[in-house]
Every structure is written in structure tokens, then in C-alpha cells.
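Here is a friendly walk through a two-chain model, from the place where the chains meet to the way helices pack inside one of them. Have the viewer open as you read.

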Amino acid sequence: MAELVLSGVTKRFDATVAVADLSLRVGDGEFLVLLGPTGAGKTTTLRLVAGLEKPDAGRVQLAGRDVTLDLPAARDTAFVFQQYSLYPHLTVYDNLAFPLRSPARRESEERVRVRVGDIARLLHIEDKLTSRATQLSGGQMQRVAIGRALVRRPSIYLMDEPLSSLDAKLRAELRIELKRIQRDLGATILYVTHDQTEAMTMATHIGVLEAGRLVQIGTPREIYADPVNTYVAARLGSPAINLVPRSTCPDVIAPPETATIGVRTEHLRIRKSVNGNATGRVKWIEHLGDQNHLHVMIAETLVVTLCDRNAGLVVGDAVDIDITAPLFFAASGKRLRLQ
Amino acid sequence: MAEIRVENLHKSFGAFSALRDSTFTVPNGDFFCLLGPSGCGKTTTLRMIAGLELPTSGRILLGGEDVTFKRASQRDIAFVFQLFALYPHMNVRTNIAYPLRSQSMLRDEVNRRVNEAARILRITHLLDRSVSGLSSGDRQRVALGRAIVREPLAFLLDEPLGALDAEFRDVMCGELRALHDRLKATTVYVTHDQLEAMAMADTIALMNRGMVEQLGTPQDIYDRPASLFAADFIGSPPMSFLPFRGRVTPGDRTVRVGDVDIALPEIREGREDSELVLGVRPEHIELSSSAPLRAEVVDAEYLGTTQIVTLNTRAGASIKARIPAEIQIRPGEHTGLTLRPGLLSLFDRASGRALRTALHDGPAHG
């Protein structure tokens, strides 16, 4: 395993800038997740690292070596795609062994057997080794696809939304597996997704991408608690952070140029109003089983927050609202801090 | 608008029964979700209500009228498919108006309805645009517009959000529910996504292997799952299970799981010595170092407001707890679990069915 460094990498497709002056370091043994919506440049970044695309500017260094102009095969990376691509006529064992048996490697069959056995155990598919790839469920196929990357010991694993084609339950299972495997192997992983839960739960560090630019990088807790702008603040958290106009909460002490106040659900205290000077009114309560989402109108602004199911609030109730840890943003979206 | 009643509906494809003897009523104005995994019979049920499939046996009543063997076109129902089938060479207005043109309606009335549908869906500014340039969300709005203009007795929607990406699905969930609240139209909605069903439905029919496994409000199914299947299908993460062997008697207020007594709602239905399962939702678990039910932390997943902790008990059960994000916890750590007794469920392992407890008391759950 080794460190990956991108320096000033830019990639254009005709008039579109897919990746703009991206500098990024993935440390040895780190699990870095690039988070962003469709079109943010996530997959292009992975493909640049793998050598499937050539940058228009900038450098890619892997394990201290400049690989910018190297062919994909010379780069020592392993790629897991969103859609599992297995050889249907081969058994699970042979699918897993395939990368080790390439002529360039010439591993002994004995070593192949040991390595495939180890990885199959890690992924809990050791009882499927003799099955054909076509006899597997979707989740098992995706495990084999991940396994085919893991049998190798490349400098870095590159993963492009490998869980997004799976159903919710399997995704939750594989999230934990993947994190465990990464820890056990001490693997360096660059992983891209648009799913905030995957980013929050697996990453040692998250890089938030917007239109090809890296907006912020940090641990999940840093990104969640201390976003640099409204874009990052809105990407993480469920229910999403409430971004309300400054004028809606005149009582909050804020820096003078504040245009928007960001309030996460855990920083809102909502009580039934007793004195008649209510700040808001309950518009709708969404029962999601484990949580209730309370929709409250404050003047013209809708605020959504979690509420205890025993809070005794009903639609139409007048409520008082306290804000405990607001975040401040300028009109540009940039984060502001109180002096 | 009208009530939809499905009576003893059965559908076989050769030797395979897609739907077995299902009976339920969709009340007038209800947002009703048919929820279940793929192959459970939910889409087949919807297609029979629409008249796109004929049942092998059973009856379908729409607004009191038996429509079981009526053609789809004779049922006053609008169907919205998963893949929005729009006419690419027509603009938004013509696409929305299409179902009315084919009914040879007067032009003024067509315009009135198209404008009204566009206003409700907030796509008035798109009416003269070509559909080919639209975002997936706007395309889905146009598809909905085509259903709305018909002013049908009921709307049937087959995974209408399935093709959208996750972020946008949330937005559309809110919009669809708000739309329903404005139109108050009877709606049957098919999905495999329990979060969509929980967020939107008045009533959920949870289906499994061609049968309705449980029928109820989202909160009811969440709090009182009728079976292990329901408990496991609903919730993210789903209910955790503590299997144990034991005997329970009506009036018991605790069960003995391994060597630990756990309080639960008073038992109303007894079992001789048998394999039982205690079910607990992630948010009803607290970690406390002194609690006698011991477990080892396998993983902690930080989610911002909360975290999901995965633990293994000594007996080997895997448990998921949702606790505040501030609590520091590390894999490998040993801890105790306190289960809040009020909403614990008890199941018979062999049948998979829930045993009756004080949780099921009260008029609504008679």
C-alpha cells in the first residue's frame, strides 16, 4: 500500500471542465471518499488515477513515483466498478484467481489457492467458490467483484460506487464489511459515491466535490460539524440542515454580513408555546417509524427537524423555537464565524 | 374519487402463484402503498386493479362497481409507470393533453385541465418546451400531469421514483405527498423501498410471496410488526432479533434470554417450551456499562446526528443500536445493553408470527 498524490490535475471534455485544478493526498492506509452529486467529477478523478484518462494539466504520483503518463497496466491500481463484471462461464474461484494468473504475474497455483481462500473468507463467500458466477445473487456477485480487486495487493484500490446497484439491506451489510476489510488489510482506498451515508460511515476522510472542484476535505466529523459553505453543509445530515434567511431569526447573534443561518436538527429545541408569542407553527408531522420529522413554518420559512414521538405536538400547534449552535453563512454561501 | 376493494384476488402464471387470496380495501382518498421485495406480487396486484392483467379468481370493485373483467380503458383509472413514457417529438403541453385529445374533448376544456395540472405540478413555465431537454424530475412531473388531467377515480403508480437518483427521490416523495394532499385522490403506490412507503403512505399493505403479510398505518407496522418478515423489512436499520428458548405464560412481564431477565409489554398469548425471538428497534437500545445483557462492539457508523452501533451478544445475536453521535465507542469494546421495554416485540420462531402482548391492546388493534 502506498500514498497517492494529485497535484493541480485538470481534465476537460470539449468545453466541459470535469476536474478543475484538483490537488489531493490519500495517505497510506487511508480510506478517502470523494462525495458529490452526478457530474461533480468523481468518476473522472478515479479514471485519471487508474490511467483510463489522461489529464490536461497536473501530476499523478503513486508511492512517490510520477505515473501521470504511465499506461493503466503499469500503475499498480485495482479498480472496482459500479456494475460487477464477472466471467459468467468461470466459477467464483476462477474469477477470483484470474488477476493472479495473468502471464505477467506467474504466481504459483499454491499461492493462488492460499490468496483466494483468504479473500473468500474475508468476504464470507468461501462456500460459493465452486459455484458459477451466474448462480450467485446480486450481493454475492458484487462481493466477488470486490474480491477480484482484493486478491491483488496494489498500491491503491479505486472504487466507483461499488454498492449503489445493491438493495438497501445488502448495502448496509457491505458498508461494514468493506470498512472491516480495509482496516484488516491496512489498504489504501479511494472511493467515490453520491451517498452521504457511505461517506460518513466508511471514510477516514471525506473530500466534497462540486463541479470538478474540491470544496472541503476532512474527517466525517469535521465535515459535518464545521462545513466551509452551504453546499458542504447541505450535503451531509439527515434530515438535511435547515438553511433559513437571517431575517427569520432576528434574535440570534450573528456576524454582520450573515445572509443565511444553518441549523441542524440536533440544535433545535421545539416546545409548545405557552405565552402566545409563538415563533412558529407545526405544518406537518411525518412519521418515519424510528423518527418523526416535524415540519414547522417560521414566518415564510419551512424548517424540518426530528422530534420525539412523545412530544405531544399536533398539526397547527404554535411552538417556541430555540437554536443552540447556529452556523452562519454569507450571501455567497461562504461560512462566517463570530469573532 | 372512489374506494377500491380487492376481494380474494388470486393470480397464477402456470404453476406459479403470483398472488394468493388477497383481500383489502383502499379507502376513498387514501394514499395506499403496496410494499414488498421483488417477486412479492405487488406489481401484479396493481396491474390487475388497472385492468392490465386479469385475475385467476377474485373480484375488484372500483367505487362499488365490479370492474374485474372490464378493459383497462373502461376503468376510470390513471396509471403512472416507473419509466416515464413520454412522446419525445411532442412538447410538454401536447404530452399532458394527449389522454384528453384521444377522448375527443373540447379544446377549451383540454386547455383548462392542462393549465390546471401544470399549475399543481409547478411546470407551467415548461409547457411549451420539448420533453427531450427536460431533467428526469421534470419528465416525471410531466408523466404525472398526464395522469392528473384525466381527473380519474384513482391513481395507480408503479415505482414512479425508481429511476431517479437518491437525492432527488426524497424531494419527489415530499412533492407526491403534497400533491396527494391537494388532490385528495385515491392513490395506490407500488414500491420496494420501505422509506418511501413510510414517508408517504396513509396505509401500507406489506406483501410477501403473493400474500398480504400486514396491513396498517406506517407507525402501526413499525411499532407492532405482525411477523419476523415485517420486523425485518421495515426500518433502517431493521429490527434486531435475540433468539432464545423458553416458555411464556399470559401475564408474564419478563422473558429470560440466556441468563438475563428482560422486561417487555405484558404477554397475552402463551407458548410451551419453544424457540422464541425477542425483537428490538435500534432506537430502543441504550448502552450502559453495568447492564447484565453483555455485548461486544463490532462497528460504529457515524451519521452526524446519531450513530449506528453494531454489537454481538454472547449468544451470537447481531444487534444494531441507534445512539447519539457524541457517545465515544470503539470496536472491540465490551458493554451492556438496556432494552427499553415499552415497544419490544416477541415472535414465535417456527411460525414467524408475533405473539400477542400488551402492545396489541387497545381498540385499534383489538
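Let us begin where the chains meet. The contact draws 23 residues from chain B and 24 residues from chain A, where two residues are in contact if their C-beta atoms, placed from the backbone, lie within 7 Å. On the side of chain B that touches chain A, at least two residues each come from helix H5 (166-183), helix H6 (194-200), helix H7 (218-223) and strand S16 (293-302) of chain B. Helices (H or I, at least four residues) and strands (E, at least two) are DSSP runs, numbered from the N terminus. That side of chain B holds ten nonpolar, six polar and seven charged residues. Here Ala, Val, Leu, Ile, Met, Phe, Trp, Tyr, Cys and Pro count as nonpolar, Asp, Glu, Lys and Arg as charged, and the others, Gly among them, as polar.

A word on the model itself. It is predicted, so local features need pLDDT of at least 70 and side-chain atom pairs count only at pLDDT 80 or more, while totals for chains, interfaces and linings use all residues. Residues are numbered from 1 along each chain as its sequence is written, and chains are lettered from A and ligands numbered from 1 in the order in which they are written.

**Domains of the two chains**

The domain bounds below come from an automatic or database domain assignment.

| Chain | Domain 1 | Domain 2 | Distance between C-alpha centres |
|---|---|---|---|
| Chain A | residues 4-235 | residues 242-336 | 39 Å |
| Chain B | residues 4-223 | residues 239-365 | 38 Å |

In chain A, seven residues of domain 1 and eight residues of domain 2 form the contact between these domains. The domain 1 side of that contact in chain A has five nonpolar residues, two polar and no charged.

**Inside chain B**

Chain B contains eight helices and 20 strands, and its C-alpha trace spans about 75 × 45 × 40 Å along its principal axes. Of the 366 residues in chain B, 43% are buried (20 or more other C-beta atoms within 10 Å of the residue's own, with C-beta atoms placed from the backbone). Among contacts in chain B with a separation of 6 or more, 65% join residues 24 or more positions apart.

How many of the nine residues of helix H1 (residues 42-50) of chain B are buried? Seven are, and H1(B) is mostly covered. They are Lys42(B), Thr43(B), Thr44(B), Thr45(B), Leu46(B), Met48(B) and Ile49(B). Just after H1(B), Gly51(B) adopts a positive phi of about 90°.

Next, look at two helix pairs that share H4(B). The axes of helix H2 (residues 92-101) and helix H4 (residues 136-148) of chain B come within 7 Å and cross at roughly 35°. Val92(B), Asn95(B), Ile96(B), Tyr98(B) and Pro99(B) of H2(B) make this contact with Val142(B), Gly145(B) and Arg146(B) of H4(B). Five of these residues are nonpolar, two polar and one charged.

For helix H3 (residues 107-121) of chain B and H4(B), the axes come within 9 Å and cross at roughly 135°. That crossing makes H3(B) oblique to H4(B), a term for angles outside the ranges under 35 degrees (roughly parallel), over 145 (roughly antiparallel) and 65 to 115 (roughly perpendicular). Axes are lines fitted to C-alpha atoms, for helices over the stretch in contact, and angles run from 0 to 180 degrees between N-to-C directions. Here Ala117(B), Ala118(B), Ile120(B) and Leu121(B) of H3(B) meet Arg141(B), Leu144(B), Gly145(B) and Ile148(B) of H4(B).

Methods. A residue is buried if 20 or more other C-beta atoms lie within 10 Å of its own, exposed if 12 or fewer, and partly exposed in between; C-beta atoms are placed from the backbone.
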